[in-house]
Each structure stands twice: as structure tokens, then as C-alpha cells.
Amino acid sequence: MQNSLPQESHALQIGAVRRDLPLFAVSPDLAIAVLNILGDTELCEAAADALAKDLATHEYVALVTAEAKSIPLAYALSLRVKKPYVVLRKNYKSYMGEALQTSTLSITTGRPQTLYLDAKDRSLLQGQPVVLVDDVISTGSTLEAMRSLMGEAQAQIAAVATICTEGDMPPQLPEPLLALAHLPLFPLQAS
């Protein structure tokens, strides 16, 4: 007996932009809708427009995102809100100086992943309010790693901004969660 997808795709609407997200089996009994914003300028622009409006009432000095898929969103959002963005890197480079680091389990790879906060970015964030940015918040593991690094850097999290929450999200967060859409999980059906 083989499990089949309940449908081929899931519709996502952000402003005037619609995407049919392909479903992908992540286990024998579960599929997710895959949002890949890399190279999708139109969707990034629409999401950045909407999130910039949502962030207008929040006080913060910078946007913070994890490498790599949400970088285009952080960049587009940075242009709109006229604030810098910081990328938490997945690999340490010597030019990063005394970088802070934390580890998390990646939902994408199923393996531990380390995030690094560059020393120069640390000085920008220290003692300041920031907004965490991610393309999709699913299990919350990346968000927790980002939150951990912000704690080490003594930065305060003013809000969390994302295109989509997924599954059992939204989580109960101590700060405001600004999400444009929600992606359900798709149980696979025996065929």
C-alpha cells in the first residue's frame, strides 16, 4: 500500500500575488506545501509590502534573519522600512571575529545546524530592539535559535515577521507574531 498526496498543490495568496505551492512528502504519512521564495521577486516584494505595513507601529533598529532562504525577504523589507538587516550565518568565517553561536535541529535537513552572529552585527544589535524575519515558521526551531542568539547579544525582540506559519503554528510567543498566511499540514492517504 502506498500513500498518496491529497492534492497536487496548495494555493497561497499574498496581496495580488498567487502561488500554487507544490506538496512534498516529508514522511510516509505527512506532506507539506513548499514555499521557496529564492528567485521569486514578485512574491518577496508583495510580502515585504504587507509586512512593512504591519511593522509600522513597532520600534526596532534592525531586521534579523537566518541564512539563506529568507534573505531576499529581509532585503526587500529592509528597503521598505529603511533599516539594516543582519544575516545569522550557518558557517563561521574568520573575518566574523568573536561571533556568537547557537545550534538547532534543521527541519529541512533533519540535522543539527549552527547559527553565527558576526561580531560587527553583534555591536549593532546589542541592547537594541530587533525584528526576527523568516519565510516560514514551522516547528519554531530556527526561531528559537535566533531568539537564543539575540539573548546572548542582549538584543530585545520587538516582533517576529514571517510570510507563513505552518502546521500547529502559530506558537505562543512573548512578542507579536506578524504572519501573512498559514500553511496547513497534509496527511497522506493510503491508496
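A residue counts as exposed when its relative accessible area is over 50%, as buried when that value is under 20%, and as partly exposed in between. With this in hand, the charged residues of this predicted model can be placed. Lys120 has a relative accessible area of 56%, so this residue is exposed. Its salt-bridge partner is Asp121, with the closest N and O atoms 2.7 Å apart. Asp121 has a relative accessibility of 10% and therefore counts as buried. The pair thus joins an exposed lysine to a buried aspartate. Elsewhere, salt bridges that share partners bring Arg19, Asp40 and Glu42 together in one network.

Just before this pair comes Asp118, which sits in the loop between strand E8 (112–117) and helix H3 (119–125). Asp118 is a pleasant puzzle for anyone interested in buried charge: the residue is buried, yet has no salt bridge. Why does Lys120 not serve as its salt-bridge partner? Lys120 offers the nearest side chain of opposite charge, but at 5.1 Å away the pair falls outside the cut-off, because a salt bridge needs a side-chain nitrogen of Lys or Arg within 4 Å of a carboxyl oxygen of Asp or Glu. The backbone of Lys120 is another matter, as its nitrogen lies 2.9 Å from a polar atom of the Asp118 side chain. Leaving aside residues up to four places away in sequence, Asp118 also touches Tyr95, Met96 and Ala99.

Turning to the structure as a whole, a search finds 10 salt bridges. One of them pairs the side chains of Arg80 and Asp49, with an N to O distance of 2.5 Å. Arg80 belongs to helix H2 (residues 71–81) and Asp49 to helix H1 (residues 41–55), so this salt bridge ties together parts that are 31 residues apart in sequence. Arg80 has a relative accessible area of 27% and is partly exposed, and Asp49, at 37% relative accessibility, also counts as partly exposed.

Another salt bridge forms between Lys69 and Asp135, whose closest N and O atoms are 3.7 Å apart. This pair likewise links distant parts of the chain, 66 residues apart: Lys69 lies in the loop between strand E5 (62–66) and H2, and Asp135 in strand E9 (residues 129–137). Lys69 is partly exposed at 36% relative accessibility, whereas Asp135 is buried at 5%.

Helix H2 itself deserves a closer look. Its buried residues are Leu73, Ala74, Ala76, Leu77, Ser78 and Val81. Which elements help to cover the buried residues of H2? The cover includes H1, E5, strand E6 (85–88), E9 and strand E10 (156–166). H1 thus takes part in covering H2 and also supplies Asp49, the salt-bridge partner of Arg80 in H2. Just after the helix, Lys82 adopts a positive phi of about 60°.

Finally, the cysteines can be considered. How many disulfides does the structure hold? The number is 0. For Cys44, the closest cysteine sulfur is that of Cys164, and the 12 Å between them is too far for a bond. Cys164 is accordingly in no disulfide, with the sulfur of Cys44 as its nearest cysteine sulfur. Both residues are away from the surface by the accessibility criterion: Cys44 is buried, with a relative accessible area of 3%, and Cys164 counts as buried at 0% relative accessibility.

Technical notes: Residues numbered from 1 in each chain as written. Predicted model: local features only at pLDDT ≥ 70, side-chain atom pairs only at ≥ 80, totals over all residues. Heavy atoms only, no water. Helix = DSSP H or I, 4+ residues; strand = E, 2+ residues; numbered from the N terminus. Buried < 20%, exposed > 50% of the residue type's maximum accessible area, 1.4 Å probe, protein only. Lys, Arg positive; Asp, Glu negative; His and termini not counted. Polar contact = N/O pair within 3.5 Å; in protein donor to acceptor, adjacent residues only side chain to side chain. Contact = heavy atoms within 4.5 Å. Disulfide = S-S within 2.5 Å.
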